[in-house]
Amino acid sequence: MALSTAGSSYAIGKATLSLSGSRTYDGTTSALGSTLTASGVNGESFALTGTGSTASKDAGTTTLAGLGTLTLSTGANGALAANYNALSTAGSSYTIARESD
């Protein structure tokens, strides 16, 4: 049996990126783009540039509170920014490690 697509249309929605990162405690809520990764589907990812902010300055796991000047940079594994929704702090994860003695 053959499948016909004549006269059909399909809408493919954009995917959402997941932001995560980590750094060592420095007493600030700054989240530099160089410490973050934006992960997409099928192993696609993006580096970021700029600076965002975390919800807490304390060591432990927190979230991103603001995007500030963060923007997508180089994509890996065929990642194209046009296939994804705009950056968002929703669902983000950021780990601040204790400073070494």
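**Notebook: strands, core and a buried arginine**

I began at strand β1, where S18 stands opposite S39 in β3; strands here are DSSP runs of E with at least two residues, numbered from the N terminus. The model is a predicted one, in which local features need pLDDT of at least 70 and side-chain atom pairs count only at pLDDT 80 or more, while totals for chains, interfaces and linings use all residues. Residues are numbered from 1 along each chain as its sequence is written, and side-chain values use heavy atoms, with hydrogens and water left out.

*Six-stranded sheet.* I followed β1 (residues 18–24) to β3 and found the two antiparallel, joined by four bridges; strands pair if DSSP finds at least two bridges between them. Both belong to an open sheet with mixed pairing, whose six strands I read in the order β6-β9-β1-β3-β4-β8. Because β6 (60–62) and β8 (71–76) each have a single partner strand, one side of each of these edge strands is left without a neighbour in the sheet. From one strand to the next I noted an average twist of 25 degrees, with axes as lines fitted to C-alpha atoms and angles running from 0 to 180 degrees between N-to-C directions.

*R23.* I then looked up R23, which is found in strand β1 and is buried at a relative accessible area of 12% (buried is under 20%, with a 1.4 Å probe and protein chains only). Its side chain makes a polar contact with the side chain of D26 at 3.0 Å, a polar contact being a pair of N or O atoms within 3.5 Å, one able to donate a hydrogen and the other to accept it, where residues adjacent in sequence count only if both atoms are side-chain atoms. The backbone oxygen of T28 lies 2.6 Å from a polar atom of the R23 side chain.

*Three-stranded sheet.* I found a second open sheet, antiparallel, in the order β2-β5-β7, with β2 (30–32) and β7 (64–66) as edge strands that each pair on one side only. Two bridges join β5 (residues 51–54) to β7, and T54 stands opposite L64.

*Core.* I traced L64 into the largest nonpolar core, where L36, A38, F46, L48, L64 and Y94 touch the most other members among 13 residues; such a core is a set of buried Ala, Val, Leu, Ile, Met, Phe, Trp, Tyr and Cys residues joined through side-chain atoms within 4.5 Å. Strands β3 (36–39), β4 (45–49) and β9 (93–97) each supply at least two of the core residues. Leaving aside neighbours within four places in sequence, L64 has contacts (heavy atoms within 4.5 Å) that include L19, A31, L36 and Y94.

Technical notes
Buried means under 20% relative accessible area, exposed over 50%, partly exposed in between (1.4 Å probe, protein chains only).
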